[in-house]
Amino acid sequence: MKIEEHKTSSSEKYYLELHRPQFHFTPEANWMNDPNGMVYYEGEYHLFYQYHPHDTIWGPMHWGHAVSKDLIHWEHLPIALSPDENGAIFSGSAVVDWHDSTEFFNGESGLVAIFTHSDQYPGSDRPRQRQSLAYSTDKGRTWNMYKGNPILSDIKITDFRDPKVFWHENTKTWIMILAASNHVRIYTSQNLKTWEFASEFGSKSGSHAGVWECPDLFELPADGKNENKKWVMIVSIGNEAAYAEGSRTQYFIGDFDGSTFTNDNPEEMILWLDHGRDNYAGVTWSDVPAKDGRRIFIGWMSNWKYANETPTKVWRSAMTLPRELKLVTTNDGARLSQTPITELESLREGNTKLENSIINENAASVLSNLKGKAFELRAEFELDTASEFGFKVRMSKDEKTIIGYNVNEKKLFIDRQSSGEASFNSFFACNHSAILEPIQNRIKMLIFVDWSSVEVFANNGELVMTDLIFPDSNSQGLEVFAVDGNVKLTSLDFYDLKSCWRKK
Ligand code: FRU
């Protein structure tokens with residue numbers, strides 16, 4: 001569908017299509033994949049994204065663009081970057097060039113996008129992926145391609161893409177990390193235009209269940225202590241036919257000295273950023289002001305296994321909720337935790353509370369006065385005799401999505417086998433799980449349900465599962481359940497969530 005056609009539809013119908021997310025980012029029309037160029041500048045968060053403006057399936061990539069003051073309410077802006085003589089515009093990042101190191105800005109500051117130009121080697125169908133620059137002197141409203149593009153290429157490596165750039169204060173150098181087939185490469189620069197190879201990482205580390213894509217690298221205080229900082233590297237891995245999980249995202253924890261990353265953990269250790277099926281190609285915002293200090297992540301809420309087939313019409317794909325990343329010490333060592341940004345609280349409407357309810361097989365109706373298609377649920381359970389417990393959301397006679405905890409196996413799971421429309425791809429209907437240790441005999445679940453997604457942040461975001469679902473719009477029931485005994489629901493908060501796209 002053409003965007004223009006969609007925009008002329010009456011405003012009461014805006015963002016009301018079946019499955020249209022109400023508090024997640026989606027383009028008005030057509031195809032979207034990875035988040036790109038995320039940068040904060042002069043009071044605005046910019047979100048660019050892989051965009052095909054002429055169809056609802058992947059095609060020649062552009063950078064779509066939106067801005068927000070709170071990461072929740074977005075203003076759609078015209079396409080920022082379109083294919084040119086160097087090819088289509090693949091994923092990449094953006095930074096504020098505060099001191100005009102590029103000399104694009106006449107001594108002032110401005111925005112620079114660093115992205116992959118994608119075409120073919122002349123006279124062949126071998127993909128050619130080269131890094132390029134574009135810059136904006138008007139807060140991202142218009143963009144100029146740098147005349148010297150491309151600025152970095154490597155004829156030996158075919159998959160050579162997705163540059164993420166940041167300023168490394170200790171060495172006063174720009175750092176670029178990019179995906180190079182089965183590893184990442186790190187380059188350094190003084191002016192963003194000429195780059196020197198510094199190191200590579202990962203050909204023997206972590207998961208290689210797919211091609212490496214969309215890396216990120218940043219520093220975080222461990223347990224909030226600034227004197228104890230660690231570096232985190234995020235790496236997405238592409239879909240391979242052999243793995244039911246499809247495309248997913250891993251991370252590493254270690255040190256970075258301005259040229260080399262060293263992994264704290266054994267090579268074979270795999271740390272998954274999200275144990276659901278639909279969080280891919282996520283990276284973090286640049287230049288969030290120090291007085292805010294958050295490291296804010298957003299991912300593409302889909303999976304290359306079926307992304308082109310999901311049952312939506314006008315648009316296709318959403319982003320995850322923006323999440324704050326933290327490093328926390330767990331019994332297994334340092335791990336990333338994720339919490340939805342607190343700005344989301346502005347969408348809350350009404351609050352239903354429950355305390356110290358014993359849930360068992362006779363208590364299915366405890367939440368019978370609650371229902372919804374877009375809501376937030378905060379719950380804490382104290383383990384007792386029940387072998388399994390949790391919530392059924394987006395329920396009707398025929399449909400349900402189960403978010404549960406299996407006590408004996410110590411596993412949190414999402415079962416979307418009966419969640420709704422799933423016939424578009426045989427891998428979609430599934431039940432998947434991940435190990436979660438109770439904390440002092442308790443399990444916490446923070447759940448966000450939207451018109452076509454479920455995001456579960458367990459035990460303060462130490463374990464996260466993000467899944468798409470495509471229920472009927474009448475499937476709005478909500479139930480708390482326990483199997484084979486009791487569990488105590490020590491607290492529950494339910495909030496309806498308003499749309500971030502319409503006034504009402
Ligand atoms: C990840 C990815 C990137 C690439 C982009 C193309 O989803 O494959 O590696 O730059 O999508 O749209």
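This tour visits the ligand, then the salt bridges, and then the aromatic rings of a predicted model.

**First stop: the ligand**

Begin by selecting the ligand together with its surroundings. A shell of 13 residues surrounds the ligand, and the closest are Asp 34, Gln 50, Arg 161, Asp 162 and Trp 304. Colouring by strand is helpful at this stage: β1 (30-41), β5 (88-97), β9 and β13 each supply at least two residues of that shell.

Next, display the side chains of Asn 33, Arg 161 and Glu 213. Asn 33 has a polar side-chain atom 3.1 Å from an oxygen atom of the ligand. For Arg 161, the distance from a polar side-chain atom to a ligand oxygen atom is 2.7 Å, and for Glu 213 it is 2.9 Å. How much of the ligand's accessible area does the protein cover? On its own the ligand has 310 Å² of accessible area, of which the protein covers 95%.

**Second stop: Arg 161 and Glu 213**

Keep Arg 161 and Glu 213 selected and hide the ligand. These two residues form a salt bridge, with their closest N and O atoms 2.4 Å apart. Arg 161 belongs to strand β9 (residues 160-168) and Glu 213 to strand β13 (residues 212-222), so the bridge links distant parts of the chain, 52 residues apart. Both Arg 161 and Glu 213 are buried.

**Third stop: two further salt bridges**

The structure holds 28 salt bridges; two others are visited here. Select Arg 416 and Asp 278, whose salt bridge has its closest N and O atoms 2.9 Å apart. Here the partners lie in loops: Arg 416 is between β27 (411-415) and β28 (431-435), while Asp 278 is between β17 (271-272) and β18 (280-284). This pair links distant parts of the chain, 138 residues apart. Arg 416 and Asp 278 are both buried.

Now move to Lys 353 and Asp 493, whose side chains meet in a salt bridge at 2.8 Å, N to O. Lys 353 is in strand β23 (residues 348-359) and Asp 493 in strand β33 (residues 487-497), so the pair ties together parts that are 140 residues apart in sequence. Is each partner buried or exposed? Lys 353 counts as exposed because its relative accessibility is 55%, over the 50% cut-off. Asp 493 counts as buried because its relative accessibility is 14%, under the 20% cut-off.

Before leaving the salt bridges, select Asp 159, Arg 161, Asp 162 and Glu 213 together: salt bridges that share partners join these residues into one network.

**Fourth stop: the aromatic rings**

The structure holds 41 aromatic pairs. For one of them, select Phe 166 and Trp 231, which form a tilted pair, 5.8 Å centre to centre with 40° between the planes. Phe 166 lies in strand β9 and Trp 231 in strand β14 (residues 225-237), so the pair ties together parts that are 65 residues apart in sequence. Phe 166 is buried, with a relative accessible area of 14%, and Trp 231 also counts as buried, at 8% relative accessibility.

Then select Tyr 14, Tyr 15, Phe 25, Tyr 40, Tyr 45, Tyr 49, Tyr 51, Trp 74, Trp 285 and Trp 501, which ring pairs link into a cluster.

**Last stop: charges over rings**

Stay with Tyr 15 and add Arg 20, whose charged end sits over the ring of Tyr 15, 3.9 Å from its centre. Finally, select Lys 373 and Trp 451: Lys 373 lies over the face of Trp 451, at 3.7 Å from the ring centre.

How values were computed. Residues numbered from 1 in each chain as written. Predicted model: local features only at pLDDT ≥ 70, side-chain atom pairs only at ≥ 80, totals over all residues. Heavy atoms only, no water. Salt bridge = Lys/Arg side-chain N within 4 Å of Asp/Glu carboxyl O. Helix = DSSP H or I, 4+ residues; strand = E, 2+ residues; numbered from the N terminus. Buried < 20%, exposed > 50% of the residue type's maximum accessible area, 1.4 Å probe, protein only. Phe/Tyr/Trp six-rings, centres within 6.5 Å; stacked < 30°, edge-to-face > 60°. Lys NZ or Arg CZ within 6 Å of the ring centre and 35° of its normal. Near = heavy atom within 4 Å. Polar contact = N/O pair within 3.5 Å; in protein donor to acceptor, adjacent residues only side chain to side chain. Areas by Shrake-Rupley, 256 points an atom, 1.4 Å probe, with all protein chains shown as cover.
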